[in-house]
Amino acid sequence: MKISTKGRYALRLMLDLALNNTGEYIPIKRIAERQEISEKYLEQIITQISRAGYVRSVRGSQGGYQLTRRPEEYTVGMILRLMEGELSPVACLDVTDSCDRADRCVTIEIWQQLKDAIENVVDNVTLADLVKRYHEKGSCEYVI
């Protein structure tokens, strides 16, 4: 399973908002510059994030975006699922009763264990954890 650039950039965008959370709205242009990501691409991503209620926006010269919740309340899993959908390594785990072989399939156990392991990681790391890691690394450039 690979996380798409859309998922990775969404996480970077949300982390940027958390790192620069001063109470002021942050223009997408500034985020794009810091992250070295196309402003147009980030606009597409922020639209989806905004519709989900993860950020709020204000238009105009002082406008931009900010988180709607505290960084502790966002998990990596929430952000990735929003952009990627389910994080299952195989489709048969996403839809119940989708496979006629499910009752006798021995490999489904492996796929379920893999899914559980992935979810255990992404659902237990918050934006606040990533902010802390960022500062521990000495505020160096980060790539997700």
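Student: Is Arg81 buried, exposed or partly exposed, and what is its relative accessible area?

Tutor: In this predicted model, Arg81 is partly exposed, with a relative accessible area of 24%. The cut-off for buried is under 20%, so Arg81 falls outside that class.

Student: Which residue does Arg81 form a salt bridge with?

Tutor: The general idea comes first. Side chains of opposite charge can pair when their charged atoms come close. Here the partner of Arg81 is Asp123, and the closest N and O atoms are 2.8 Å apart. This pair links distant parts of the chain: Arg81 sits in helix α4 and Asp123 in the loop between α5 and α6, 42 residues apart. Asp123 is also partly exposed, at 30% relative accessibility. Salt bridges that share partners then join Arg81, Glu86, Lys115, Glu119 and Asp123 into one network.

Student: How many salt bridges does the structure hold?

Tutor: Seven. Among them are two made by Arg70: one with Glu72 (3.4 Å, N to O) and one with Glu73, where the closest N and O atoms are 3.4 Å apart. Arg70 counts as exposed at 51% relative accessibility, while Glu72 at 45% and Glu73 at 38% are partly exposed.

Student: Now the strands, please. In which sense do β1 and β2 pair?

Tutor: A general point to keep in mind: in a regular strand the side chains alternate between the two faces of the sheet. In this structure, β1 (residues 55-58) and β2 (residues 64-67) pair in the antiparallel sense, over four bridges. To find the register, look at Ser57, which stands opposite Tyr65 in β2. The hairpin has five residues between the strands, and Gly60 takes a positive phi near 105° there.

Student: Which residues have the most contacts inside the largest nonpolar core?

Tutor: They are Leu13, Met14, Leu17, Ile49 and Leu127, in a core of 32 residues. At least two core residues come from each of α1, α2, α3, β2, α4 and α6, and α1 gives the largest share, eight residues. Try Met14 as a worked case: leaving aside neighbours within four places in sequence, Met14 is in contact with Ile49, Tyr54, Val55, Leu67, Tyr74, Ile79 and Leu127.

Student: And on the surface, which residues form a nonpolar patch?

Tutor: Ile110, Trp111 and Leu114 do, with about 260 Å² of accessible area together. Ile110 lies in helix α5 (residues 107-122) and is partly exposed, with a relative accessible area of 49%.

How values were computed
Residues are numbered from 1 along each chain as its sequence is written. This is a predicted model: local features need pLDDT of at least 70, side-chain atom pairs count only at pLDDT 80 or more; totals for chains, interfaces and linings use all residues. Side-chain values use heavy atoms; hydrogens and water are left out. Patches are made of residues with over 30% relative accessible area and no salt bridge: like charges are joined within 9 Å, nonpolar side chains (Val, Leu, Ile, Met, Phe, Trp, Tyr) within 5 Å. Accessible areas come from the Shrake-Rupley method with a 1.4 Å probe; for residues, only the protein chains shown count as cover. A salt bridge is a side-chain nitrogen of Lys or Arg within 4 Å of a carboxyl oxygen of Asp or Glu. Buried means under 20% relative accessible area, exposed over 50%, partly exposed in between (1.4 Å probe, protein chains only). Two strands pair if DSSP finds at least two bridges between them. A nonpolar core is a set of buried Ala, Val, Leu, Ile, Met, Phe, Trp, Tyr and Cys residues joined through side-chain atoms within 4.5 Å. Contact means heavy atoms within 4.5 Å.
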